[in-house]
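Here is a short tour of the packing and the sheet in this model. Have the structure open beside you as you read.

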Amino acid sequence: MSRYSRITGTGSFLPPKRVTNAELATQLAANGIETSDEWIVERTGIRARHFAEPDVGSSELGVHAARRALEAAGRQPSDIDLIIVATSTPDMVFPSTATILQNKLGIAGCPAFDVQAVCSGFVYALTVADAMIRTGTASRALVIGSEVFSRILDWTDRTTCVLFGDGAGAVVLEASDTPGLLASDLHADGKHVEILCVPGGVSGGKVHGNPLLRMDGQAVFKLAVGVLDQAARAVLKKAERTEADIDWLIPHQANIRIMQGTARKLKLPADKLVVTVDQHGNTSAASIPLALDVAVRSGKVRQGDTVMLEGVGGGFTWGAVLLDF
Ligand code: UT7
């Protein structure tokens, strides 16, 4: 009998502090940075985002999301035998956010590690967990995307600081006799490192370079539309499905224009596109599991639905996962 993986529970968590575009514009204006609700909504679809308090890191947001996913799956932390956290904003340089989160869950022993693929992190992490489950290395995994991008934003750069937010999403992925994850398609092209990066690090006890996010928005936009379409078509082909089989498209939530463009290329009606970017902003690796959980809890995504997840981001990295929920 073949061994597959299937999502058995989803969860998410947003830090309580919610900041609307108008509130952000007022805060930025105090420092001489001009922006407006109108510009942000028109160019991105974002209306609000959440920010974590300074002492709250990715492991803390992630553990709340993980507990909710475990509850939805009817599982205890002790049932978990693999933890993967997708994040580009880890609590520490090391150890991994996954080990810190494991300890917060009160468990020990199972493998726990981070995946760093920026906004594609969740589709990368889900693919790794699926492979480990199918080969028998794990049976019940927690796959989490968690970010505190507010820590790496340059508040003097209006082209980036209005775009991002903090949050976490999680799924429990379990071994199954019937396929949940149908196919996955992952890519990276390191020649585009500079269009989206945090070009800094630590060395000799000091910060070297610039530890704040830099993005050439237009270059990212152009690349994103093309590669997302390629990845979507590749997973459909691998899974021997067609666009007509997709019940829900859950792309990385960065910009409503990119998301709608992707849906149009797949000839999907607008109501099959799950949108949370308006309320969450871009939460990088957390955006897809956050959107999935919102769609599940609102009754949109139901058991048996076919769902396309698509990530794209720094690296340049991109990929898609097709699954039966
Ligand atoms: O998470 C990884 C994936 N990331 C993405 O997918 C992001 C992809 N890129 C984008 O979403 C868009 O390129 C942005 C939202 C970042 C920018 O939108 P755009 O339509 O490409 O705007 P632009 O960069 O061409 O800027 C247009 C104008 C400029 O003014 P001028 O030169 O035309 O006078 C900017 O200075 O808008 C100005 N501008 C702003 N104005 C008010 C840029 N940021 C702001 C702002 N408020 N926050």
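Two strands count as paired when DSSP finds at least two bridges between them. In this predicted model, one such bridge has L142 with V172 of β7 as its partner. Strands β6 (residues 140–148) and β7 (residues 166–176) are antiparallel, and nine bridges join them.

Both strands belong to an open sheet of five strands with mixed pairing, in the order β1-β7-β6-β4-β5. At its edges sit β1 (4–13) and β5 (112–115), each pairing on one side only. From one strand to the next, the twist averages 20 degrees.

Which strands do the helices touch or lie across? The table sets out two of them.

| Helix | Residues | Strands | Angle to β1 |
|---|---|---|---|
| α3 | 58–73 | touches β1, β6 and β7 | about 125 degrees |
| α10 | 287–297 | lies across β1, β6 and β7 | about 90 degrees |

Now to the nonpolar packing. The largest nonpolar core has 46 residues, and V162, L249, L266, M308, V312 and F316 touch the most other members. At least two residues come from each of α1 (21–29), α7 (217–238), α8 (256–265), β14 (306–313) and β15 (317–324). Helix α7 gives the most to this core, with nine residues. Why does this core lie between domain 1 (4–176) and domain 2 (181–324)? Both domains give residues to it, so it lies between them.

Looking closer at V162, this residue touches L24, L28, T35, W39, I40, I46 and R49, leaving aside residues up to four places away in sequence. Apart from the largest core lies another one, of 34 residues, including A86, M132, I288 and A295.

Conventions: Residues are numbered from 1 along each chain as its sequence is written. This is a predicted model: local features need pLDDT of at least 70, side-chain atom pairs count only at pLDDT 80 or more; totals for chains, interfaces and linings use all residues. Side-chain values use heavy atoms; hydrogens and water are left out. A nonpolar core is a set of buried Ala, Val, Leu, Ile, Met, Phe, Trp, Tyr and Cys residues joined through side-chain atoms within 4.5 Å. Buried means under 20% relative accessible area, exposed over 50%, partly exposed in between (1.4 Å probe, protein chains only). Helices (H or I, at least four residues) and strands (E, at least two) are DSSP runs, numbered from the N terminus. Domain bounds come from an automatic or database domain assignment. Contact means heavy atoms within 4.5 Å. Axes are lines fitted to C-alpha atoms, for helices over the stretch in contact, and angles run from 0 to 180 degrees between N-to-C directions.
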